[in-house]
Amino acid sequence: MESEQQTQTKASSYRDSLKSMDTEEHIDLAFYRPIGYAWACLARKIGVTPNAITIASIFLGIGAGVAFYFNDLWVNIIGMLLLIWANSFDSADGQLARMTKQYSRIGRILDGVSGDLWFAAIYIAICLRENATSPFFMERPWLIWVIAVITGLCHAKQAAMADYYRQFHLYFLKGEAGSELDSSAQLKEKYASMSWGKDFFAKLVLFFYTNYTVNQEQWTPAMQALRAELRRRYPDGNIPQSFRDAFRSLSLPLMKYTNILSFNWRTIALFCALFARMPWLYFAFELVVLNILLIYMALRHEKICRRLTAELKDGKF
């Protein structure tokens with residue numbers, strides 16, 4: 001039997017594999033994180049890297065999309081299990097990176113791309129399926145593709161902003177080392193310093209990531225004003241703990257919205273649409289419910305940032 005010390009060590013290692021309790025989602029804590037931790041421990045033991053796990057998740061997610069094309073519930077259930085497996089790998093790669101300190105911007109970008117590829121396969125499968133089985137879309141085969149493209153653009157924005165708000169929260173909670181919050185200005189400087197001849201792949205990746213970060217910043221003017229004010233007042237990065245605590249208390253209630261805009265609630269809606277034999281309902285969920293949630297969250301967050309910027313200027317901190 002394990003000693004109490006061994007049990008405590010394992011519990012501590014598991015907690016260290018999590019980003020933070022502030023930003024973890026209940027379904028993840030109850031299901032995906034324990035499974036991801038088991039995968040991560042196995043991967044560490046046999047020498048598998050976080051990026052290799054991410055790549056494996058891409059194949060599983062695309063396989064799920066293929067299974068969703070078929071108008072057969074049992075095949076769809078196999079696809080659901082593949083998607084759950086893919087997401088357990090998506091959890092494992094981040095947990096393994098935190099356990100082994102194998103952080104990299106390439107890994108972060110690859111992690112984001114993997115989810116995009118899963119849902120691209122799912123969107124294509126839904127479109128082909130609806131055009132093959134739905135009388136309404138069979139008469140208008142172009143319509144479902146238009147809906148899918150618009151939904152995909154909204155999905156990308158929802159996921160990007162949810163991730164950005166989460167990283168901003170982690171920045172004040174755990175400091176720069178505990179967050180993956182980037183600045184487009186710094187990314188542009190690094191991009192300019194790289195050579196296409198010597199660093200072609202790295203520079204290409206950084207090009208897309210810089211544009212991704214620019215788009216996040218354009219949606220958050222009040223947040224950028226707050227960051228600028230903090231840099232002006234605390235150029236050494238030593239932001240007072242009182243300010244960090246104030247931001248955390250205001251931002252914490254919004255973290256549940258970033259989690260809804262992430263994976264779990266999307267897949268619950270997708271699985272419900274598949275069980276109902278109406279996959280197009282998933283597009284309606286993303287277009288209506290998640291877009292309303294995104295706008296509400298963005299407005300709330302910008303209001304918080306304007307308030308804290310004003311309090312900084314008034315000398316409250």
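**Burial, packing and helix span in a predicted model**

Visitor: Why is S114 called buried?

Guide: S114 has a relative accessible area of 0%, and buried means under 20% (exposed is over 50%, partly exposed lies in between, with a 1.4 Å probe and protein chains only), so S114 counts as buried. The model is predicted, so local features need pLDDT of at least 70 and side-chain atom pairs count only at pLDDT 80 or more, while totals for chains, interfaces and linings use all residues. Residues are numbered from 1 along each chain as its sequence is written, and side-chain values use heavy atoms, with hydrogens and water left out.

Visitor: Where is S114 found, and which residues is S114 in contact with, leaving aside neighbours within four places in sequence?

Guide: S114 is found in helix α5, a helix being a DSSP run of H or I of at least four residues, numbered from the N terminus. Beyond those neighbours, S114 is in contact (heavy atoms within 4.5 Å) with T54, S57, I58 and D90.

Visitor: What makes R108 count as buried or exposed?

Guide: The relative accessibility of R108 is 17%, and R108 therefore counts as buried. R108 is also found in helix α5, which covers residues 105-133, and, not counting residues up to four places away in sequence, R108 touches D163, Q167, E180, D182 and Y209. Y209 is itself among the buried residues of α9.

Visitor: How do you know that the span of helix α9 agrees with what is expected?

Guide: The expected span is 1.5 Å times one less than the number of residues; for the 19 residues of α9 (residues 200-218) that gives 27 Å, and because the end C-alpha atoms are 27 Å apart, the two values agree.

Visitor: Why is α2 described by that particular word for its direction relative to α13?

Guide: Helix α2 (residues 26-46) and helix α13 (residues 263-275) pack at an angle of about 80°, with their axes 10 Å apart. Angles of 65 to 115 degrees count as roughly perpendicular (under 35 is roughly parallel, over 145 roughly antiparallel, the rest oblique), so α2 is roughly perpendicular to α13. The contact is made by I27, D28 and Y32 of α2 together with F263, N264, W265 and I268 of α13.

Visitor: Which residues touch the most other members of the largest nonpolar core?

Guide: A nonpolar core is a set of buried Ala, Val, Leu, Ile, Met, Phe, Trp, Tyr and Cys residues joined through side-chain atoms within 4.5 Å. Of the 36 residues in the largest one, those are F68, L83, I122, L270, Y282 and F283.

How values were computed: Axes fitted to C-alpha atoms, helices over the stretch in contact; angles between N-to-C directions. Helix = DSSP H or I, 4+ residues; strand = E, 2+ residues; numbered from the N terminus.
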